[in-house]
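Open the model in your viewer and keep the selection tool at hand. The tour goes stop by stop.

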Amino acid sequence: MSQHHVSLLTAKLTLIATLGGLLFGYDTAVISGAISSIDANFIDPLQLSEPARSSLSGLTISSALFGCVIGGAVAGLLADRFGRRRTLMFAALMFLLCSVGSALPELGLGAIGHMGAQALLPFNVYRIIGGVGVGIASLVSPLYIAEIAPKESRGRLVSFNQIAIVCGMMVVYFVNWVIAKQGDESWLHAFGWRWMFASEALPAGAFLALLVGVPDSPRWLVMKQRDREALQVLERLGEPRLQATYNEIKASLKVTDAGLLSFGATVIVVGILLSVFQQFVGINAVLYYAPLMFKNMGASNDSAMLQTVVVGVVNVASTLFATATVDRLGRKPLMIAGALVMAASMLALGTLFATRQAGIGALLAMLAYVAGFAFSWGPVVWVLLSEIFPNAIKGKAMSIAVAAQWIANLLVSWSFKVIDGNSALNAQFNHGFAYWVYGSMSVLAALFMWRWVPETAGHSLEEMHKVWKRPRAGSVEGAKKETPLPSP
């Protein structure tokens, strides 16, 4: 079996699982086209003071993130209890419910279009439900792909999920733009924004329908003592070392009841820090507020939208580069190089803003930053999170790391508005301060990666407990003595 050969079934299952990633991107970004309509319909009628209005609008725009924290926190438990497939089906249902509910928040409560500000609460509830779907998919899609992929191409296949996320964002930017062109502003505020949210029902319905025929991952089946099914799935996936792989999975799962810290605290801390740094380098401030940043640089509204699309294209292209190289070059070199590119770009961007020279140079620094993130911390963090944790603690440990990631995302998204809108800092640094913070975080991220994170490329998922070399007496070592690992 050649190094890069992936069976047809593996490819098909990977594509189905990446629809979870596509919906993650779609659901996160769909709101960007509807912000003005939500303000006009639900927030302006309340006639609030400026700070209260901004705060409520900001909370509404990011309300899905609260759901993401919940979804991320329970996803590992659900995936261990009910299986990867059924957990993804549950996420698909959440996406469907969110799509219909956000489009028609008055449904069952009052006349559509006549509830005014009272529809804001149900709208936010539906967005939070969608967020739960995003939180679950953000963990279980890469987990499922990692568990069905051959180790030689695992990095590549898991990073397809990140391509799906950025494609989901690009598709919905385009869909929103097409919908907005169908009428004038009053049409957009009355009907257009509803179609934006409703459009998510198509990919969500497809995801749910396709998951019906998907087998669960062999690692989960072994965990549930369904060994015959596990062997059948491994065989269908074209696993060349059938019995050996099965024995390794069996041995690595002898400790499924292992406490979270049975491999030492380091692996858990590394997982949390990977997640937190992925957000603290400032990527979501850049992606969520790209049009606002371009306006700060002096672009008109329309060209700000256009430059946002350019960011999307750079994002996809660089993610494709990571997909092509993550198994060959390894995880660490990409992560360190990306962090250094981001550090240089962000420190330059902050300096350009502070010296009031924001122009084409600032645009280039921003694109270099997005490229640096997209070939490293964007896709590769998910690859690492899906593989660094030993099988025995994977569900629990991934949940902690992913919940930490969404909390960090919330903090960054909220604090950017606060830092960027602070008149004292702006008088001093002219919008540049936030970027220096992100640049410094990128330097720390590179140091952390270099010093603390082991290379995982080329290791099977079952070998992870050896990478960490920290099992307590009687937990994993005991299990290994019972079933010696067969040599490959």
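One definition to start: Ala, Val, Leu, Ile, Met, Phe, Trp, Tyr, Cys and Pro count as nonpolar, Asp, Glu, Lys and Arg as charged, and the others, Gly among them, as polar. You will need it inside the largest cavity, whose lining has 10 nonpolar, 9 polar and no charged residues.

**Whole chain**

This is a predicted model. Colour by pLDDT. The chain mean is 84, and 87% of the residues reach 70 or more. Now switch to cartoon. The protein chain has 24 helices and 0 strands. Of its 488 residues, 56% are buried. Take contacts between residues at least 6 apart in sequence: 83% of them join residues at least 24 apart.

**Largest cavity**

Rolling a probe the size of a water molecule over the atoms shows where empty space is left. The structure holds 3 cavities of 30 Å³ or more. Go to the largest cavity, with about 230 Å³ of space. Which residues lie nearest its centre? Select F24, Q162, I165, Q279 and N284. They belong to a lining of 19 residues. Next, show the helices around it. At least two lining residues come from each of α1 (8-29), α7 (154-180), α13 (266-280), α14 (283-288) and α20 (394-420).

**Second largest pocket**

Move on to the second largest pocket, which holds about 370 Å³ of space. Select P150, K151, E152, E239 and P240, the closest to its centre among 26 lining residues. Then highlight α6 (120-148), α10 (218-223) and α12 (242-252), the elements that give two or more residues to this lining. Which element gives the most? That is α6, with 3 residues. Now colour the pocket lining by class. You should find 11 nonpolar, 6 polar and 9 charged residues. Recall that the lining of the largest cavity has no charged residues.

**Helix α22**

Select residues 433-452, which form helix α22. Put a distance between its end C-alpha atoms: they are 29 Å apart. Why does that fit a helix of 20 residues? At 1.5 Å a residue, the expected span is 28 Å, so the two values agree. Now show side chains. The buried residues of α22 are A434, Y435, Y438, G439, S442, A445, A446, F448 and M449.

**Last stop**

Finish at residues 471-488. Here pLDDT stays under 50. For this stretch the model has 26 contacts beyond four places in sequence.

How values were computed: Residues numbered from 1 in each chain as written. Predicted model: local features only at pLDDT ≥ 70, side-chain atom pairs only at ≥ 80, totals over all residues. Heavy atoms only, no water. 1 Å grid on protein atoms, 1.4 Å probe; cavity = no way out; pocket = protein on both sides within 12 Å on 5 of 7 lines; lining within 4 Å. Points joined across faces, edges and corners; volume = space filled by probe spheres on them. Helix = DSSP H or I, 4+ residues; strand = E, 2+ residues; numbered from the N terminus. Expected span 1.5 Å × (residues − 1). Buried < 20%, exposed > 50% of the residue type's maximum accessible area, 1.4 Å probe, protein only. pLDDT = per-residue confidence, 0-100. Contact = heavy atoms within 4.5 Å.
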